[in-house]
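Colleague: Got a minute to go through this one with me? I'd like to start at the surface and work inwards.

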Amino acid sequence: MSSLIKTAQLTSLALRDFLFPAECCLCGIALLDASSRMSPCCLLCQEEFPKPIEHACCKCGAEVGAYVDTSSGCHYCKTDSFSFRSAIAYGTYTAELKQLCQICKNPASQDVAWLLGEKFWQARGDELGQLQIDCLTTVPMHWTNRLVRRIHPNEVLAKCLAKQLKVPCLQRCLIQRLRTERQSSLSPSLRRKNVRDVYRVRPTQKLQGKTVLLVDDILTTGATANACSRLLLAAGCAAVYVAVVARGVGS
């Protein structure tokens, strides 16, 4: 009986895929064969996937020239003071990578967020491995936004990286206690004001002496990551590093 049920299930899935084939998250082409369906991107888009940053600022993760000394920051961050030790980004927030980050906010796109986590690890795994991370956590989302979106892509990214690093992922270690305006709509000075006193660390978290990797999807001014890092250090963390899929360098 169980073999008949399994056969019926496989037949049903095959019929569903035939009638309603999955589509590439970037170009929209139907993913008709089994090898294509293993990724949310078609084979062509996988070959042309956004390239990782080749030379990055060791402080903020922004792309810089091959011979630029960033020991004191780059021209994007040299006047900034961050609570986190450094930010590590996969790529720059433009074109297809920007599109993928926006797609990740869709409740049905967890596979896209996981793919970005895998690409991040392939590009930055060696760098992350040298940091001796004890645990990961994420920049939080207000409960009302979570209710609407039903998915927090940062958590999917963090789980993917935690699996590779073989360390715990502390979900909801940080809490966003107040709703805020969207950071992307604000100037740099207003972004810092917008996240002031917005987050808190859950009192049950045991963070004393731990090196934490804080995961977010995008970093532009660093205001949000800095606010969260400051709280983690105040809770006893020894050091905080930031990992983001995309480094925005706009306003």
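Colleague: Which residues make the nonpolar surface patch of about 400 Å²?

Modeller: Bear in mind that this is a predicted model. One member of the patch is Val-148, which is found in helix α6 (residues 143-149). Val-148 is exposed, with a relative accessible area of 65%. The full set is Trp-143, Leu-147 and Val-148.

Colleague: How much of the accessible surface of the chain belongs to carbon and sulfur atoms?

Modeller: The chain has 251 residues, and 46% of them count as buried. Its accessible surface comes to about 13,900 Å². The share belonging to carbon and sulfur atoms is 52%.

Colleague: On to the inside. Which residues touch the most other members in the largest nonpolar core?

Modeller: In soluble globular proteins, nonpolar side chains tend to be buried together. Here the largest nonpolar core has 39 residues, and β1, α4, α5, α7 (153-165), β5 and β6 each supply at least two of them. The members that touch the most others are Cys-41, Leu-116, Leu-128, Leu-136 and Leu-213.

Colleague: Take Leu-128, then. What is Leu-128 in contact with, leaving aside neighbours within four places in sequence?

Modeller: Leu-128 is one of the residues that touch the most other core members. With those sequence neighbours left out, its contacts are Ile-88, Phe-120, Trp-121, Ile-133, Leu-161, Leu-165 and Leu-213.

Colleague: How many residues are in the other core, the one that includes Ile-53 and Cys-57?

Modeller: That core lies apart from the largest one. Phe-82 and Leu-207 are also among its members. The count is 32 residues.

Colleague: Why are the buried residues of α4 on the same side of the helix?

Modeller: Helix α4 spans residues 95-103, and its buried residues are Leu-97, Leu-100, Cys-101 and Ile-103. What covers them includes β1 (87-92), α5 (110-129), β5 (211-219) and β6 (239-247). They sit on the same side of α4 because the arc they cover around the axis is only 160°.

Colleague: Now the backbone. What is phi of Gln-132?

Modeller: Most residues other than glycine have a negative phi. Gln-132 is not a glycine, yet its phi is positive. Gln-132 sits in the loop between α5 and β2 (135-138) and, at 66% relative accessibility, counts as exposed. Its phi is about 55°.

Colleague: And Arg-172: is it buried, partly exposed or exposed?

Modeller: Arg-172 is another residue other than glycine with a positive phi, near 60°. You'll find it in the loop between α7 and β3 (174-176). Its relative accessible area is 40%, and the range for this class runs from 20% to 50%. So Arg-172 is partly exposed.

Colleague: Next, strand β3. How far apart in space are Gln-176 and Asp-197, C-alpha to C-alpha?

Modeller: Gln-176 is in strand β3 and is buried, with a relative accessible area of 9%. Not counting residues up to four places away in sequence, Gln-176 touches Pro-140, Met-141, His-142, Val-198 and Tyr-199. Asp-197 is 21 residues away from Gln-176 in sequence. In space, C-alpha to C-alpha, the two are 9.3 Å apart.

Colleague: Last one, for the whole chain. Among contacts between residues at least 6 apart in sequence, what percentage join residues at least 24 apart?

Modeller: The chain has 9 helices and 6 strands. Taking its contacts between residues at least 6 apart in sequence, the part that joins residues at least 24 apart is 69%.

Terms used
Residues numbered from 1 in each chain as written. Predicted model: local features only at pLDDT ≥ 70, side-chain atom pairs only at ≥ 80, totals over all residues. Heavy atoms only, no water. Buried < 20%, exposed > 50% of the residue type's maximum accessible area, 1.4 Å probe, protein only. Helix = DSSP H or I, 4+ residues; strand = E, 2+ residues; numbered from the N terminus. Arc of directions from axis to C-beta. Contact = heavy atoms within 4.5 Å. Patch = residues over 30% accessible without salt bridge, like charges linked within 9 Å, V, L, I, M, F, W, Y side chains within 5 Å. Areas by Shrake-Rupley, 256 points an atom, 1.4 Å probe, with all protein chains shown as cover. Salt bridge = Lys/Arg side-chain N within 4 Å of Asp/Glu carboxyl O. Core = buried A, V, L, I, M, F, W, Y, C linked by side-chain atoms within 4.5 Å.
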